[in-house]
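Good morning. Please have the sequence and the 3D view open while I talk.

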Amino acid sequence: MVPAPLTSIAILGGGLAGAFAAARLARSLPDDMTLTLVDVPGAEAKDLFFGTVTTPAAYNVMLALGLGEPEVLPQTDTTFSLGTQYSWAGREWVQAFHQPLPVMAGVQFHQYAARARQDYADFVMSVAAARRGAFAHPPEGQKTPLAELEYGYHFLPAQWAKLLHDALPARVERVAGEVASVDTEGETLRSVKLEDGRTIEADLFIDAAGVWSAPGSGWTGGSMIYAEESLTPAQGPVGVVRTLQQLDYGWSATTPLRTGTHTLTASKSGEGLKLGRSDRAWIGNVLSFGLLATGADPLTTAPMTLLMRNVESLAELIPFTTDMRVEAREYNRRHRDDFDHAHLFERAFGTEGYPDRLAHKIEQFESRGALVQYDLEPFEAQDWLLLHLGMGRIPKARDVLADRVPDAQLHSQLATMRRAVETVAAKLPPAKVYHDGLLRYLGKRNA
Amino acid sequence: MGIQRICILGGGTAGWMTAAGLSNKFNSLGIDITLIESDAIGTVGVGEATLPHIRMFNQALGIDEAEFMRATRATFKLGIEFCDWGRLGDRYIHPFGDYGAPVDGIEFHHFWLRLLQNGHSAALDDFSYPVLAAEAGKFRMPGPDISRIGSNFGYAYQFDSGRYAKYLRGYSEARGVTRMEGRVVEAAREKKSGDIASVTLDDGRSVTADLFIDCSGFRGVLIEQELQTGYEDWSRWLPCDRAQAVPCEARGPSLPYTRATAREAGWQWRIPLQHRTGNGYVYWSEYISDEQATEQLMSTLEGPATADPKQLYFKTGKRKQLWNRNVVAIGLSGGFLEPLESTSIYLIQEGITALIELFPTSLDMERDASEYNRRMDLGFDRVRDFLLLHYVATQREDSPMWRYFRNMELPDSLSEKMEAWRSRGYVQRYEHGVFLPPSWIAVMAGQNLIPQGRDRRVDARPMADVIAMTDSIAKQSHAAVASTPNHGDFLKRYGAIDPSIMDAAE
């Protein structure tokens, strides 16, 4: 029997994950497919666990949804982010966003910095700008260290969810209501009945509200995280990084937004989320999506990065027919790999009890500064480098080939590079001045 | 204290590539490199066809391309032609390059699938400049703008690996590598660590070193005979266990591609060089005798043989640890995968590159070895799956060998890949490994695995747009080929032809 073609998708959930999935699918599906977004009240309650920082990848993701900076910046409190300033494990560092590792004469640059006993971070443009609280857009195609500036955003999940909702194309049918019951058969969710009596049927359900999942999905992880958030009005933005401080139990992060300062404290009380990931997020015709399938700690940018990756996996794997076993298997593989790789990064904020694959990475770094990367990791080589150095992991030895450059040449070259970065950083405007100016410009242009 | 002395055992392609790679990097650091080889031991010319990665290797050595091509009598290579693999009579070219270019992040082949699945006739080859150029016997370098059709491809060489080894010997000796003539008869171990301390030659001389590179071929003089590292046998999946190789006189213009023709009990290669054509038959001895293999090989040569066929025996697989103690196995001593996709020299190169990147910082090299082995194991595994794909993505069942593959239980990693392709044209990506999605697409589509579905996002566009877009790419590809010179002319103009061959021809 030939399986029936897939003609309808329903997204359950009103939070950021549901909004992202709806926005992406609305632009990806052929016209003859129907797309329904069911706003389930309360689905956004846990959205604070997406954290307040996105990586640079968000720029393209939002742009593809028709939401460029001229839309996002004026309509929300979003500000530019150069990363997170951690006070962690008794140490302080700026965790800037990944830039491809520079290579000189076949050797990664940090090996030369190690040889000259200099701080690698001093050569990273984003770190230099972050230390001064300064920002400007990196110019395209120009040969200046500023072109290497990598930035993401500070944002509020609720605001972005609203922005995405408001921008949804008319093709998305929108419904709101509590779920009263579900009609299931085996691994198939036939329909969802709302309290007002309406019934939502679909060939595929994207469940970002925890409505239903077939038994046997399995879960890896298990501990809970609890967090509270607050927003203090301020004449912001007063910085260009999130600052995150370790507490006796948990941590507290302060994020500079356009009209205020956001504080997220992960400690012993507040909203709770189960950390870890579903082993099989997609079973039958239900894809469990968002924080309930992918519970990453907002200590790092992992929650947003994983959301964007999962949206991408979904878009690439929109089923062709109602037989979606291949799609589910592949989605689940990618989902597991992405989460597990991101989880290694989070575990690297610890000082012991490393899982094997992380232990190998740390051992290789500590023995010789080698950066081991597994396939398609969400956190890339320089992310790892900054984290290792931030955590005070010092390689015992360095690449033998770094010794090929004569001492004097190396020192003068490093001095030149460091000066170039410092000179540019010194000329950058404070983040607030730049941001205000940009908004005034956008305001005039829109008027 | 770090490594002071390196000893390379064996001087074939693997040995001299290693010597060249290491001397280029470590000569100025005062590290002493000795290579031991014996003229009495024949070297196996492991595949004379290469992958585009070889260019990076040569560039890192600072080698002049035309000079190297003259010295090795090399031709350019745009891909591999596979004959009789899907069904008898089929043929396709696996090119070094993409089909079309992604549109809004959607891989191009999904647009092709939409055409196909809606009853339009469309050949995937029309969207590949390297395939069309190869078919026409043409060649030129890719341009600098890789977003242009006609520039988003790579190329490799087909060369005489014996001459390549000789060329690199000159290079290495000029950079301080000491060559010793002789045969290793004994190895001495460090008492405490059990590492190799020195090797003794048949004339009684001995060589002491901190690090030994075993390029001694199938025998694995140090890695196996001395250290007994063990071998992972992959003949369950790749059961061909013998080969015969023979050069013959070339007929017709030299083609910018290698050919691999499937046979009843194996496959046959054809590699066009400047001065001759290399041929070989890789087979499974269970289903064909050596005599029959010789007969088949010799009867299918395009010109008179210029030497007697050389018989080779092997077992596919790899050493359990490619780096064990202070011995690194590079080349056949490390493992063997049949040269169906020209991976032999590539795997040598990967071994050298990883060794340079993980070059021991002290005599305690256990950690360096563990990362080296992890990386290389992954590389070998992924090549194995890709090779196996050729045997199992087929409709042939005309001989016992093909029926064996039909009934084979595949590694999960491979069967999932094939199923994802068949169901929706989806190709699993990975970051570390030689064969990228376009290669998988080439082989699966070329061997008649045509997906039932496609990426649904392509359906969000009007059909007329898809037709116009694909037409335009096909036209650009053909136009780019029309203005491409003949391969032979290009070789001449580029100064790549060995003058002695030019003289002979005139």
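I will go through a sheet, a pair of strands and two helices. Keep in mind that this is a predicted model.

Let me start with the sheet in chain A. Six strands form an open sheet there, in the order E10-E2-E1-E14-E21-E20, and the pairing is mixed. Which strands are at the edges? They are E10(A), residues 172-176, and E20(A), residues 282-283, and each of these pairs on one side only. For E20(A), the partner is E21(A), residues 286-288; these two strands are antiparallel and share 2 bridges. If you want a residue to look for, find A:Ile283, which sits opposite A:Val286 of E21(A).

Now the helix on this sheet. H1(A), residues 16-26, lies across E1, E2, E10 and E14 of chain A. Its direction makes an angle of about 165 degrees with E2(A).

Next, strand E5(A), residues 84-88. As a reminder, strands of a sheet pair through backbone hydrogen bonds, either parallel or antiparallel. E5(A) gives us one case of each. With E6(A), residues 91-95, E5(A) runs antiparallel, over 5 bridges. In that pairing A:Ser87 is matched with A:Glu92. The two strands make a hairpin with 2 residues between them, and A:Ala89 in this hairpin has a positive phi near 50 degrees. With E16(A), residues 242-246, E5(A) runs parallel, over 4 bridges. There, A:Thr84 faces A:Arg242.

That brings us to helix H5(A), residues 125-132. Is it mostly covered or mostly open? Mostly covered: 6 of its 8 residues are buried. Those are A:Met125, A:Ser126, A:Val127, A:Ala128, A:Ala129 and A:Ala130. They pack against E5 and E6, the two strands of the hairpin, and also against helix H11 (407-427), in chain A. After H5(A) comes A:Gly133, with a positive phi near 65 degrees.

Last, chain B. Why do we call H13(B), residues 437-446, largely enclosed by the rest of the structure? Because 9 of its 10 residues are buried. Among them are B:Trp440, B:Ile441, B:Val443 and B:Met444. And what do the buried residues pack against? Two strands, E4 (79-83) and E5 (91-95), and three helices, H4 (109-117), H10 (366-392) and H12 (412-424), of chain B. Just after H13(B), B:Asn448 has a positive phi of about 70 degrees.

That is the end of my part.

Definitions and conventions. Residues are numbered from 1 along each chain as its sequence is written. Chains are lettered from A and ligands numbered from 1 in the order in which they are written. This is a predicted model: local features need pLDDT of at least 70, side-chain atom pairs count only at pLDDT 80 or more; totals for chains, interfaces and linings use all residues. A residue is buried if 20 or more other C-beta atoms lie within 10 Å of its own, exposed if 12 or fewer, and partly exposed in between; C-beta atoms are placed from the backbone. Two residues are in contact if their C-beta atoms, placed from the backbone, lie within 7 Å. Two strands pair if DSSP finds at least two bridges between them. Axes are lines fitted to C-alpha atoms, for helices over the stretch in contact, and angles run from 0 to 180 degrees between N-to-C directions.
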